[in-house]
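Visitor: Please show me the model, and let us then ask what justifies the terms applied to it.

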Amino acid sequence: MCTSAPAVRHPYAVGETPPAYRDPTDAGGGEDATAARRRRRGAYLPLPEPLPVPVIDNHTHFDFREGAVEVSIGEALDAAGAAGVRGAVQVGTDLASSRFTAAVVEQDTRLLGAVALHPNEAPLLAAAGTLDDALSEIEQLAAGPRIRALGETGLDYFRTGEDGRDSQLASFRSHIDIARRLGRALQIHDREAHDDVVATLLSDTAPDRVVLHCFSGDADLARTCNEHGWYMSFAGTVTFKNAENLREALLVADPALVLTETDAPFLTPHPYRGRPNASYAVPYTVRAMAGILDTGLDALCARLTANTEAVYGSWD
């Protein structure tokens, strides 16, 4: 009598959290309802159905950690690959994360990088008298062959008050200059500063490739981006119930200028909003985008990949 061998369970099962992202401190069971709800809110989301055509997460932060979970770059990219996300752009926000970025992009061909001083970092460095030195190091890091963008830079009027705006603007303008001289793309953080971001890009002669990361504007800003050839990167926020402005912007955006991202571990898409995000979650956002646009998923994925490579070049 012959018996069949037991089926081998694939480590990346749709509907389950990838193994590397499971909380090692979670014993399961023996907890009250409140503790169980708290644990679920802090848990990474389940693996989505893989995309039919691979795409790229063009803005993520692998150096940011959530809770007790420690995921290596390889594990993170393996999980992303299982969801149809074949590569990512690791993004720096200060000197430490930019140094980290410059190092890790040389270790895995699935990664490219962006380095910069976040706009909320600029006033702190200016107050310490070290902004110019920090910008000089960013320029050195940006010269690396697998660093393809200056980012995330820009303006943030939500977290930095008026007393920090001059140093934010000075830092932003320096990043624009570096990106233009080195032939790099520019990844922009724009929070409640749309008019001044646009005015600065126009007055300072923006580089050829500009990306508004985690696009947060409306249809009018999307039309401005269309006019100037600036890329719009849509994150999980486009799936939020209160984000009708983003869905309207996506509908008017030039399809050749649309990208997608996670901004992981932030901005986790609906229905998992509030839980930590990861690059393997891109399909949730892309499927929502396809629904908003009423377009085929295959065609949208192919377009997103082509657009991303037009900005950052080849991952090979």
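Guide: The side chain of threonine 101 makes a polar contact with the side chain of glutamine 90, at 3.1 Å. This is a predicted model, in which local features need pLDDT of at least 70 and side-chain atom pairs count only at pLDDT 80 or more, while totals for chains, interfaces and linings use all residues. Residues are numbered from 1 along each chain as its sequence is written, and side-chain values use heavy atoms, without hydrogens and water.

Visitor: What makes the pair of threonine 101 and glutamine 90 a polar contact?

Guide: The term requires a pair of N or O atoms within 3.5 Å; within protein, one must be able to donate a hydrogen and the other to accept it, and residues adjacent in sequence count only if both atoms are side-chain atoms. The separation here is 3.1 Å, and the contact joins two side chains.

Visitor: Why is threonine 101 called buried?

Guide: Buried means under 20% relative accessible area, exposed over 50%, and partly exposed in between (1.4 Å probe, protein chains only). Threonine 101 has 0%, and is therefore buried.

Visitor: Why does arginine 303 count as partly exposed?

Guide: Its relative accessibility is 38%, so arginine 303 falls in the class between buried and exposed.

Visitor: Which residues does arginine 303 contact, leaving aside its neighbours within four places in sequence?

Guide: They are Pro255 and Ala256, where contact means heavy atoms within 4.5 Å. By the same term, threonine 101 touches residues including Gln90, Val91 and Ile147, not counting those up to four places away in sequence.
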